[in-house]
Every structure is written in structure tokens, then in C-alpha cells.
Amino acid sequence: MIDRRRFVLGTGLLVTGCAKGPEARTTTPTSGEHVPKKDVPKKEEEEEISPAEDLMREHGVLDRVLLVYEEGVRRLSAPQAETTADAIARSAEIVHRFIEQYHEKLEEDFLFPRFEKANRLVELVATLRRQHQAGRALTDDIRRLANVASLKDPAARPKLAQAIELFVRMYRPHEAREDTVLFPALRSVVPAKELDALGERFEDKEHELFGKEGFEGVVEQVAAIERSLGIHDLDRFTPTAR
């Protein structure tokens, strides 16, 4: 619609300019005469993101947290327990606030009920709901155990490692199934106009909970944790040539 309106407007201006003739376009205007402004490129409007794409990029945040978790588990037996515990604890807070209290809450309040009402993917939705609950219990364990005092107890480290491993094992297929099955089917249960409104509601909630920076601010928090562990360089994950 926006492109069509711009085309019609541009066509109208072109016709008007041709009607005036070349003289009208080259004559210097007299005092008081309206001078049409030259076409100046407008500031590029903020790109609109669909609800499904928004949820998928939030899965990207979760993926980066899972990498931190995996690195943390590898370091639990190393001497630098303080750094490891802090990185895991900060990551668990991001999971709690951004994934559980925001991302999953949006799914539970606005997506899952629509699939259930339409009788679409109901078994998948039921499994996803159960996994949300299981994930929250694991996050509670991780938050409770990820501190230096707790890690001084030899029995605490295996418990923390197990909670992290169970969380990672569940959430990789969980988010993959949402990205490839649930989210692509969203348009079949939500009308286009309602989908736009849903996207605006998601964005409003994001800024309400996470301030002006929103998603980008959370990404930077994860990046800071990656830097603290030395896993921020993407090229580090490139296999060396054999």
C-alpha cells in the first residue's frame, strides 16, 4: 500500500511538472511565490519486523546464551570458578528476564491460544508449554547454584553442570521446532491485520520491559558476557584447515 501511494503521488507530481512546461521549471520565482522543495531522501524508516521474525531473532539471543552455558560447564572444573560463576549467573538472569518473563510469556499469551483455538499443532503447543515450565525450574536451579560460595561445595558443581546440560539439551530442539514449524504457521491462524497489531504489541512490551535499547540492549549484555569469557570472536569457532 505504501509503495502504491508513493507511486501515485510521484506520478501526479510528474504530470504537474510536465503541464507547466520547461519554462515553468527554469523560471526564477518571484517574491512570495511558493518554491517547491527539491526531492530530499527522507530518513529511512525503521524496518518493520513481523512477530515471527521478532521471536526468531530473540531465539538468536538464547542461542548465544547457550554457548555461554556450554563454555561455563567446560570451565567449572578449572580454577577460575569466580569468573565462570559470574558469567553463568548473568546469563541465567537474561534467560529469566528476557526469555522466560518476556519471550515465552508472549508465546503463551498470544500465540499458543490461537493455535489451540484453531485446533492446529495442539500436540506441539502442549509440549512447548511443558518445556517452558521445565526450563523455568532448571533456570531456578542455575540461578541458585551459580555463585562462588555454592561452587566451593564439591557437590554443587555437578548439580550446576547437570542443570545447564539439561537446559541446553531441551532448548536447542525446542527453539528449532518453533522456528521451523510453529512460527511459519502463524499466518494461518492470525489474520494479516491482527498480525500487524500483534507485532506492535510485542514491540511496546519489549521497550516497556527493557527500555529504549530493547532487544539491542539485551544483545549487548550477552556480548559483554562473551567478552568476559573470551568467546566473543566469531572466528574462534572456525575449524582450522587440516
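A salt bridge is a side-chain nitrogen of Lys or Arg within 4 Å of a carboxyl oxygen of Asp or Glu. The structure shown here, a predicted model, holds 18 salt bridges.

**View 1. A salt bridge joins helix α6 to helix α2.** The side chains of arginine 172 and glutamate 70 meet here, with 3.1 Å from N to O. Arginine 172 belongs to helix α6 (residues 156–182) and glutamate 70 to helix α2 (residues 51–75), so the contact ties together parts that are 102 residues apart in sequence. Arginine 172 is partly exposed, at a relative accessible area of 31%. Glutamate 70 is also partly exposed, at 27% relative accessibility.

**View 2. Arginine 136 and glutamate 108 form a buried salt bridge.** The closest N and O atoms of this pair are 2.9 Å apart. Distant parts of the chain are linked in this way: arginine 136 lies in helix α4 (residues 122–145) and glutamate 108 in helix α3, 28 residues apart. Both arginine 136 and glutamate 108 are buried.

**View 3. A salt bridge lies within helix α4.** Arginine 144 is paired with aspartate 141, and their closest N and O atoms are 3.2 Å apart. The two residues are three positions apart in helix α4, and therefore about one helical turn separates them. Arginine 144 counts as exposed because its relative accessibility is 52%, whereas aspartate 141 is partly exposed, with a relative accessible area of 28%. Elsewhere, Glu71, Arg74, Arg75 and Arg236 are joined into one network by salt bridges that share partners.

**View 4. Two phenylalanine rings meet edge-to-face.** A pair of aromatic rings is described by the distance of the centres and the angle of the planes. The count of aromatic pairs comes to six. For phenylalanine 98 and phenylalanine 210, the ring centres are 5.2 Å apart and the planes stand at 65°, so this pair is edge-to-face. Phenylalanine 98 is in helix α3 (residues 81–117) and phenylalanine 210 in helix α7, which places the partners 112 residues apart. Phenylalanine 98 is buried, at 1% relative accessibility, and phenylalanine 210 is likewise buried, at 14%.

**View 5. Three aromatic residues form a cluster.** Tyr69, Phe167 and Tyr171 are linked to one another through ring pairs.

**View 6. Acidic residues gather on the surface in a patch of negative charge.** The patch consists of Glu48, Asp196, Glu200, Glu203 and Asp204. Aspartate 196 is located in helix α7 (residues 192–210). With a relative accessibility of 52%, aspartate 196 counts as exposed.

Technical notes:
Residues numbered from 1 in each chain as written. Predicted model: local features only at pLDDT ≥ 70, side-chain atom pairs only at ≥ 80, totals over all residues. Heavy atoms only, no water. Patch = residues over 30% accessible without salt bridge, like charges linked within 9 Å, V, L, I, M, F, W, Y side chains within 5 Å. Areas by Shrake-Rupley, 256 points an atom, 1.4 Å probe, with all protein chains shown as cover. Lys, Arg positive; Asp, Glu negative; His and termini not counted. Charge placed at Lys NZ, Arg CZ, Asp CG, Glu CD. Helix = DSSP H or I, 4+ residues; strand = E, 2+ residues; numbered from the N terminus. Buried < 20%, exposed > 50% of the residue type's maximum accessible area, 1.4 Å probe, protein only. Phe/Tyr/Trp six-rings, centres within 6.5 Å; stacked < 30°, edge-to-face > 60°.
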